[in-house]
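Here's a quick tour of a model you may want to poke at. We'll go from symmetry to packing, then finish with confidence.

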2 protein chains.
Amino acid sequence: MSHADPLVVFTPSGKRGRFAVGTPLLTAARTLGVDIDSVCGGRAICGRCQVLVAEGEFAKHGVRSGAGSLSPWSATEERYASRQPLAPGRRLSCQARIEADVVVDVPSMSQVHRQIVRKAAEAHDIELYPLVKLHYVEVREPDMHDPSGDLQRLEEALAREWQLANLECDLAVLQQLQAILRKGQWTVTVAVHDASRIIAVWPGFHDQAFGLAIDVGSTTIAAHLCDLASGEVVASAGRMNPQIRFGEDLMSRVSYSMMNPGGAAQMTAAARQAISELAAEVAASAGIAPALILEATVVGNPIMHHLLLGIDPVELGGAPFALAIDRAVTVTAAEIGVALHPNARVYALPCIAGHVGADAAGMLLAERPDLTDEITLLVDVGTNAEIVLGNRQRLLACSSPTGPAFEGAQISCGQRAAPGAIERVRIDRDTLEPRFRIIGSDLWSDDPDFGAASAPTGVTGICGSGIIEVIAELFLAGVISRDGVIDGALAARSPRVVASGRTFSYVLHSGAQTLSITQNDVRAIQLAKAALLAGIRLLMDRLGVEQVDRIRLAGAFGSHIDVKYAAVLGMLPDCDLSRVTSAGNAAGTGARIALLDSRSRATIEALVHRVEKIETAIEPQFQAHFVDAMAIPHRTAEYPQLRKVVDLPAPQPVATSAQGRGRRGRRPASPHPV
Amino acid sequence: MSHADPLVVFTPSGKRGRFAVGTPLLTAARTLGVDIDSVCGGRAICGRCQVLVAEGEFAKHGVRSGAGSLSPWSATEERYASRQPLAPGRRLSCQARIEADVVVDVPSMSQVHRQIVRKAAEAHDIELYPLVKLHYVEVREPDMHDPSGDLQRLEEALAREWQLANLECDLAVLQQLQAILRKGQWTVTVAVHDASRIIAVWPGFHDQAFGLAIDVGSTTIAAHLCDLASGEVVASAGRMNPQIRFGEDLMSRVSYSMMNPGGAAQMTAAARQAISELAAEVAASAGIAPALILEATVVGNPIMHHLLLGIDPVELGGAPFALAIDRAVTVTAAEIGVALHPNARVYALPCIAGHVGADAAGMLLAERPDLTDEITLLVDVGTNAEIVLGNRQRLLACSSPTGPAFEGAQISCGQRAAPGAIERVRIDRDTLEPRFRIIGSDLWSDDPDFGAASAPTGVTGICGSGIIEVIAELFLAGVISRDGVIDGALAARSPRVVASGRTFSYVLHSGAQTLSITQNDVRAIQLAKAALLAGIRLLMDRLGVEQVDRIRLAGAFGSHIDVKYAAVLGMLPDCDLSRVTSAGNAAGTGARIALLDSRSRATIEALVHRVEKIETAIEPQFQAHFVDAMAIPHRTAEYPQLRKVVDLPAPQPVATSAQGRGRRGRRPASPHPV
C-alpha cells in the first residue's frame, strides 16, 4: 500500500490502514486483524461478514466516507439479499471493494468474538471464543495423475483458505467423508475443534453449530443450548435427576453403589440417559437435530461428576474423600454415551476437592472473586454447601455438611419448592398470629381472596425459604429462644404454641392439613445453618478476616431466600445486607462461560489449582465454630450491620450445649455426609 | 565426580565415567545414557537391568575389574534370585553399587533398544523402540490436608520416577484407576503410550506387554504376536479372510458394497471379527490374555485397509480410485471393535495410492530400497500386483491388474496352493512327457513310489507355481510358441497334445481326474504376466533404466515360484537370476517393524510421501508395453542374462496381435480391476 491508496478505518476497533483500490473489505479487515466472522470464506454465502459504511466527514480520522467509498452493490450481493434479508446500508465485506477513503462499522453480529452481555449488574460479560468453528471450503477433485486421499485434499483446502494446518480427523468423519464430498459436489463445511481437529462435516454450505452447557445437580439436571455463532441461549430445559430412584441424597447414592454390584454403572447410565433426553428436548425446542450439538461443558458436584464420567464414586463416600482426577476432563459424547454429535467434545470442569466439585469451579468462573480486592464469600447451598472465600490475593474453598434441611427434607412438614408450598411467612410480634404466601399465588394468607387463589393446590407444606422465614420470624417474635428452644410458656398466650410430648410446636396452618413447626424442625435447621456458618467461619479464620465485603448466594436456594432472614438465623456472617445478593445458577453460568469462551478453561483450571482447599472434617476449629453457630444468630457474634436493619433481640449468654456434638455423631457410617 | 572416583566402563557401548563409591550401577548407566531396561524403577523386582561384571585387566580402558569392583551380593538380589533364575555372574544393576574401577557388560536382553536379528541375509535388523512402555510406581496415598486426584498423584510418581510429564489418560483407565490403586496398595504398573498417554494400569508389579502385527490380505489374514520387551514373535496365526463369502476377489467385494446397502459394514464387521479371533488365538498360544495386547499395526491393500477402518471402499472400485486418506491412521482397538486391550492403539500404515496400499508401504519398510544405490524392483503379486522400483535417488510405484490367474483362478484345472496341487513340472524336450511334484510329497510323479505317496490327496489340480512351470516348460519344449499358441502339429508326435474345439490342449495328468493345459489357460497366464511386466516396464521407463539390479518377490507367490520359470515366461525384466529372490511376507514384516520400532513410522510416512505414484490406467505407454509383453518372454526384449542359464528359443518376430486390447476390454464395468 502507498500513501496514495485509500484509507480504511474500521469501527469500533479503530484499526486502520491504506489499501489498493479494489481490495475487498474483508481482505483489508483480515490484514489489519479486525474481527469479522465468515463461514463461507468470502463467497457471499454465509452473510456473516456484513458491515455498514459510515456516511459523513470524520475529522477525527481525516476521512470523508460515504456510499461512493465502496464498489457499487454487486450482483453477488443482490443474489445474497434475494435469499435472506440484508438490513439497509449493510454490505457483505467479502464483496464490497475499496474505492476511496472509508469508515466501516463492524456490527456486533459480524464479530466472531462478540460480547455476550449478562443481565445481572455484578456479572462480567462473556466474550465469545467458541472452540468449534465452521469452515466452508471447495475441495479439489481427485486426480489420477496426482493421487491423494480425499482427506488430504480437504485439509489442503482448509490450509489454503483458513490457514488451518496439521489437523487431526475423527474416525467417524473419515468414514463419511468420501460420500459427503461427492454429495456436496466437492464443497463441504467442516467443524474444526480447537483449530486442530475435524469433528464433523456436511455436504455444501452449513452454518449451524450449537453447544450445550450441562449442570448435573443431585436433584435436577439442567441444560442450556447455545448457538455457537451468537453465543445466545436458544433453549433451556431441566428435569429431575433420575438417580433419585437410587437414593435421595448423595450419600445414599454412594451407599447404593457400595451395596449393589453394578450400582454405579446404573446411576451412570441414568444420568447419561437424562442428559441425552434433555439434549433432544432443547434441540427440539430450537428446531435443530441433536447432532448439531458439537460441544458441551459439564458442571456438577464430585459425585455427579464422577458418575457421569463412569467413575465409581465410592472413594468420595468416606475419608480421605479422594477424587479420581482433580483436573478438567475432555471426552467425546460417544465415549460417555450421550446423544449429541458423537464427536462432540464434552468438557467437564475440574473438581476442586473431594467435596468441592466442578459446580464450585463453575461458580468461581461465573463470579471471578479473584478479580476484585473485596473479600467475597460465595456460597452454593445444597445438601452440601460449597463455600469459596477470598479475593484477588487468595482464594479458599471448603464444603460443609448442611444436609438437606434447607431443601425442606428432614422437616416434619417440609417439601420441595412447588406450587402449594409456603415460601414467605410473617408472624405478628404481639398476637403471634402468622400470615404466609404459597408458591403459585401472590396473595398473603390473610387476604380475603387467599382461599380461592390457593384452591388449586391447597397449602401443601413448607419449602426451604419458608422454613427459614418461619423460624427467623419465630425467633424475632420471641417464640424461639437464642438457643433454639420453642418457649412453652407462650402456650398460655397463643393457641399456636402447643405441647407435643416434652417439647412444644408452633401451628403455622390448620386446614386440610395441619402444618406445624416442631422442636425437631428447629433443631434440624440449627444443625444445618451451624454447619454452613462453621464452614464459612473456618475459611474466614484461615483468610484472617473478621468480616466479608460481599456475599453471593448461588443456586436455587440463593435465588429464593430472603437474605434478611438468612442473616437473622445466622446462616451467614454479618454483612451489609445490600451486599448479599443472589448469584443465580452460578454453576450453570460457569458451564456456559466455559462453553462459549474457550479461553476461560485455562482460567478456571489455573484458578482451581490456586484455590486453597480446606477439609472441614479434619479441622479442629470446625467443631468449635459449629457449636458457637448453633445459637441464633450466633453464640458470640454481635451482627452490628444486621442490627441496623432488623430489631434483633439483645445478645444474651447461651449454653454451649452438646447439640453440636450430636450433629457430628448422628451418622457414624458417614463421618462427613456429602 | 572427581578423578579419584572409580571409573566405570559399560560395554558394548563403551560409555564411561567416574562415579562416587556407592553409586548404583543403574544410576551410573542412566547418567551416561547407557541403554539399560527397567520396569520397576530400581526396586529389584523386574530383573530387566541385569548386567555382568567383566573380570580382568582391561588395558584398553586402563581398568582392573572384578567381583570386588562392586558391592557384595545383597539380600535384595538374593530375594530376587530366589524367585526367578539369575544366571551366574549376573547382577541387578539397580542393586550393585560401585566400589572400584569396573567394566560392566550390558547383555542384549537388558537393553531397551536391542537389535532383533532378522534371518534373511538381505534383511536389515530391527531395532526395538516400542511405543508402549511399562512403568512400575509407588503412588502417594491421598491426604485430606492436601487433596488431589488419584490420577494426579499417579502422574506425580511417573514424573518423579520416570521423568514422564504432561501425560494424558484414557477414560477407561481413569474409570478403573481408584480401585486398582487400592488393590495394589498404592503400587501400580502403567502402560504409557508414546511417553504421552496412560493407556492401561495394573495393580502392583506387572511386566507383560504385547503387540500385534496384522496383515489383512484379501484371501488370508495373518497376525503375529510380539513381546514388546524382547521384540520376539511369540505366536503367529492366519485364517481365511471371511470377507470371501461376499466376493472372491477385491472387485467383487466392492461390487457387493455397491449393490447391498450395509454391505461394506458387513465386510468391515467380518474382518474385525476375524482379527479379534486371531488375537484370541495367538494370545492363547502364548498363554496370555488378549487384553495384554497394547499396540497393533496393520497392513493391507487399500480396499482391505478402508474396510477395516469402516470406510466404504466404493471409491476404490472405479476411476479416479480416490483413497479416503493417504496418510497413516491411528485409532483405538475399541473404536474399530477389535478385541485387544480396548485402549490399544492400532496403527494402519499409509496407503500409497488407490491401488497401492498399506501392504506396499509395509513391503517398502521391510525392504528399504531407498537405502541402496542398486536399482531394486519389489513386486507383490496378488490379484493386483503392487510394484515398486527405484533406489536411494527415486522411488516409483504402481499397481498392475494381473487378475487372479497366478493364484490358480481362471485356469481350467487351477486351484489354490494346497496338498494335492501340482507345484513343480518338467517336460521332456524330446518325448514331451511330463513329470511333476505335488504339494505334500517330495517325490516326482515318475518315481515308482509316487502313487503311494500321493494317495492321501491324489493329484487334485495345479497351483500358481505349477501353472507357471508347466507353461514355461511347454514353451521351452516347443509345445507353445512365442505368441502363446499350443502347436497342434505336435499332436502327431505326442498323445499329450490333443485337439479341443478349434484349439489344442496339453494333457498333464490323466488319473481320477484329467488335468489339461488349455489354450485359454495359456492366454490367461499371458494376460496376467503381460499386465505385470507392462507395469514394471512403465516404471522402468519413468525411472529411465533399461534394467534392474535386483528383484525382490514378496508374498506367498514370491516364496513359491521358481524364479527361473517366472523369467522364462517373461513375468519379470531380464536380471541376473541370483539377484531375484523372495522377500517372504514383506508386508507382514513391515507391519512388525512398524510395531517394534516406532521410529520407523516416521520413516515409512516420509517414504510413502516421496514415492512417485504412477496410475497404469491412464498411462498410454502401459498399453504398448502390455501388447509387447504378451509374447513369451517378450516381443522384443532379448533377455541376455536369462539366456546364460536357460536355453531359450532364439528370438523371432511375433505378431502384435489384438490380444492385449482384449485384456483391457474384458471387464467394461471395471476399467481397472483391483
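## Axis, cores and confidence

In this predicted model, the residue of chain B that comes closest to the rotation axis is B:Glu335, with its C-alpha at 4.9 Å. Chain B lands on chain A after a rotation of 180 degrees with 0.0 Å of shift along the axis, and the RMSD is 0.1 Å. That is the relation of a two-fold axis. Both copies use the same surface, too: 100% of the contact residues of chain B recur in chain A.

Now for the packing. The largest nonpolar core holds 119 residues, and the members touching the most others are A:Leu212, A:Leu340 and B:Leu154. Helix H6 of chain A (residues 263–286) gives this core its largest share, nine residues. Apart from it there's another core, of 118 residues, including B:Ala200, B:Leu225, B:Phe246 and B:Ile352.

What does A:Leu212 contact, leaving aside neighbours within four places in sequence? Its partners are A:Ala223, A:His224, A:Leu225, A:Ala279, A:Val282, A:Ile293, A:Glu295, A:Ala296, A:Thr297, A:Leu340 and A:Leu595. One of these, A:Leu340, was already named above among the residues touching the most other core members.

And how far to trust it? Here are the scores:

| Score | Value |
|---|---|
| ipTM of the model | 0.89 |
| pTM of the model | 0.91 |
| Average pLDDT of chain A | 92 |

In chain A, 96% of the residues score a pLDDT of at least 70. Residues 657–674 of chain A are another story: pLDDT stays under 50 there, and the model has 44 contacts beyond four places in sequence for that stretch.

Notes. Residues numbered from 1 in each chain as written. Chains lettered and ligands numbered in written order. Predicted model: local features only at pLDDT ≥ 70, side-chain atom pairs only at ≥ 80, totals over all residues. Heavy atoms only, no water. Core = buried A, V, L, I, M, F, W, Y, C linked by side-chain atoms within 4.5 Å. Buried < 20%, exposed > 50% of the residue type's maximum accessible area, 1.4 Å probe, protein only. Helix = DSSP H or I, 4+ residues; strand = E, 2+ residues; numbered from the N terminus. Contact = heavy atoms within 4.5 Å. Least-squares fit on C-alpha atoms with pLDDT ≥ 70 in both. pLDDT = per-residue confidence, 0-100.
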